[in-house]
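Work through the exercises below with the sequence and the coordinates at hand. Each task is followed by a stepwise solution.

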Amino acid sequence: MKCIYYLASTLKSTQDVSDDLHEVGVEDFYLHVISKDESGLKKQHIHSSNYLETLDIVRDGFIGAALGCVAGLIGISLLMYFKPLGPDFEIPTLVYALLVGAATLFGAWEGGLTGIATENKKLARFHDDIAAGKYLILVYVARNQEATVRKMMDERHSDADMVAIDSHCVNPFTGVDRVTQRAATRT
């Protein structure tokens, strides 16, 4: 799957893009619009984005889990080295595994909480456009559907600029680079 990013300047243009994308077979599940005008999207029945797309919950959750796991491993290493319960007391391996698991889950939870307060890193390049009132349209397409969608958008919606293509739309650690319309037609 690829995620193609289009930027439209008006709600009417966004509505037209949404209708035409539905005509070529793109379902609401694969079409998300990010805008500061959420109420306008709802009134026009345009599928808006969700928190997983606009916030960094997943990315920061994974980072928190990794840090929690490292902290848990350091913690059990210290327990094994210092033997606080005495040199003859053997702590079962299951206890060590549970401690690392608990630290990992706590880290994931804390990372998720941090992610709730953070804008998605992939959308940071479009922050100023969205703040200015533009509409960022995310279209998730399968490889066999990409040419159809791009052709339809080129023919019918010259007012909506293709600004990025993300080939790994499910990977929260990849970045998205803005492209110009001319550069995007070559990819």
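The exercises deal with nonpolar cores and salt bridges.

The model is predicted: local features need pLDDT of at least 70, side-chain atom pairs count only at pLDDT 80 or more, and totals for chains, interfaces and linings use all residues. Residues are numbered from 1 along each chain as its sequence is written, and side-chain values use heavy atoms, with hydrogens and water left out.

**Exercise 1.** Determine which elements give two or more residues to the largest nonpolar core.

Solution.
Step 1. A nonpolar core is a set of buried Ala, Val, Leu, Ile, Met, Phe, Trp, Tyr and Cys residues joined through side-chain atoms within 4.5 Å. Buried means under 20% relative accessible area, exposed over 50%, and partly exposed in between (1.4 Å probe, protein chains only).
Step 2. The largest such core has 19 residues, and those with the most contacts inside it are Tyr6, Leu21, Ile137, Val139, Val149 and Met153.
Step 3. Two or more residues each come from β1 (2-8), α1 (11-23), β2 (31-34), β3 (135-141) and α7 (143-156). Helices (H or I, at least four residues) and strands (E, at least two) are DSSP runs, numbered from the N terminus.
Step 4. Strand β3 provides the largest share, four residues.
Step 5. Another core lies apart from this one; its 13 residues include Cys3, Leu136, Leu138 and Ala164.

**Exercise 2.** List the residues in contact with Met153, leaving aside its neighbours within four places in sequence.

Solution.
Step 1. Contact means heavy atoms within 4.5 Å.
Step 2. With those neighbours left aside, Met153 touches Tyr6, Val17, Leu21, Ser158 and Ala160.

**Exercise 3.** For the salt bridges Lys2 to Glu146, Arg156 to Glu23 and Lys122 to Asp166, state where the partners lie and whether they are buried or exposed.

Solution.
Step 1. A salt bridge is a side-chain nitrogen of Lys or Arg within 4 Å of a carboxyl oxygen of Asp or Glu. The structure holds twelve.
Step 2. Lys2 and Glu146 meet at 3.4 Å, N to O. Lys2 is in strand β1 and Glu146 in helix α7, 144 residues apart. Lys2 is buried at 17% relative accessibility, as is Glu146 at 11%.
Step 3. In the bridge between Arg156 and Glu23, the closest N and O atoms are 3.4 Å apart. Arg156 belongs to helix α7 and Glu23 to helix α1, so the pair ties together parts 133 residues apart in sequence. Arg156 is partly exposed at 44%, whereas Glu23 is exposed at 58%.
Step 4. For Lys122 and Asp166, the closest N and O atoms are 2.6 Å apart. Lys122 lies in the loop between α5 (93-116) and α6 (127-131), and Asp166 in strand β4 (residues 161-166). Lys122 is buried at 8% and Asp166 at 4%.
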